Amino acid sequence: MGNDNSNNNQESANINTKDFMIGTLMGAIAGAVTALLLAPKSGREFRGDINEGAVQLKGRAGEWRDTALDKGSEWKDTAYTKGSELKERAYLKGSDLKTKAVDSSSRLSQKTQEKTQELSKNLQDKWNDRNSNNNDSVDEAVEEAAEEAAAEVEKSETK
């Protein structure tokens, strides 16, 4: 008995859907016929209006294209100007940094040369002073001078 009720409900739903679809199709056909019969313009006039609208749209598209080209040209010029300015600033900054690096390198080289000469003189003096002493003293003097040289180089590098 439960099966009979569900079959009846399905058939009823199918019929309702079928009736709805037929009604919708008939209404669409009736609306289209009514629109054609009551249209204020003929097909030729309607096509003419569509062509006129297309020509107007084409004109507006041309205006938009011209506006886009103008704006693009302005943006390109602005970007070129800004890029040139940035390039010039980078070149000047690079030149300044290069000059500073060369100056620092030159000063460091000069200080290193002076310290080397000073340490060589100190080593020579110590060598002459300890020449009379045994070889162990010479080794100690050399090690001491090397340590002083290393300390001086470290000081120069940290500055």
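**Helices, surface and salt bridges in the predicted model**

At 46% relative accessibility, Ile29 counts as partly exposed. The residue belongs to helix 1, which spans residues 2–38. Ile29 also contributes to a nonpolar surface patch of about 490 Å². The other members of this patch are Ile22, Leu25, Met26 and Val33. The model is predicted.

The fold was examined next. The protein chain contains three helices and zero strands. Read from the N terminus, the order of elements is α-α-α. Helix 1 covers residues 2–38. Helix 2 covers residues 43–130.

Burial and exposed area were computed for the chain. The protein chain has 159 residues, of which 4% count as buried. Its exposed surface comes to about 14,000 Å². Carbon and sulfur atoms supply 56% of that area.

Charged contacts were then searched. Side chains of opposite charge can pair when their charged atoms come close. The search of the whole structure returned four salt bridges. Among them is the pair Asp125 and Lys121, with an N to O distance of 3.4 Å. Both residues lie in helix 2. They are four residues apart, so about one helical turn separates them. Asp125 has a relative accessible area of 32% and is partly exposed. Lys121, at 53%, counts as exposed. The cut-off for exposed is over 50%, and buried means under 20%; Asp125 at 32% therefore falls in between.

Another salt bridge joins the side chains of Asp66 and Arg65, at 3.3 Å from N to O. Asp66 is partly exposed, at 38% relative accessibility. Arg65 has a relative accessible area of 51% and is exposed. Because exposed means over 50%, Arg65 at 51% meets the cut-off.

The side chains of Asp77 and Lys76 also form a salt bridge. Here the N to O distance is 3.8 Å. A salt bridge requires a nitrogen of Lys or Arg within 4 Å of a carboxyl oxygen of Asp or Glu, so the pair qualifies at 3.8 Å. Asp77 is partly exposed, with a relative accessible area of 41%. Lys76 is exposed, at 55% relative accessibility.

Accessibility in these pairs can be set side by side. The acidic partners Asp66, Asp77 and Asp125 are partly exposed. The basic partners Arg65, Lys76 and Lys121 are exposed.

Notes
Residues are numbered from 1 along each chain as its sequence is written. This is a predicted model: local features need pLDDT of at least 70, side-chain atom pairs count only at pLDDT 80 or more; totals for chains, interfaces and linings use all residues. Side-chain values use heavy atoms; hydrogens and water are left out. Helices (H or I, at least four residues) and strands (E, at least two) are DSSP runs, numbered from the N terminus. Buried means under 20% relative accessible area, exposed over 50%, partly exposed in between (1.4 Å probe, protein chains only). Accessible areas come from the Shrake-Rupley method with a 1.4 Å probe; for residues, only the protein chains shown count as cover. Patches are made of residues with over 30% relative accessible area and no salt bridge: like charges are joined within 9 Å, nonpolar side chains (Val, Leu, Ile, Met, Phe, Trp, Tyr) within 5 Å.
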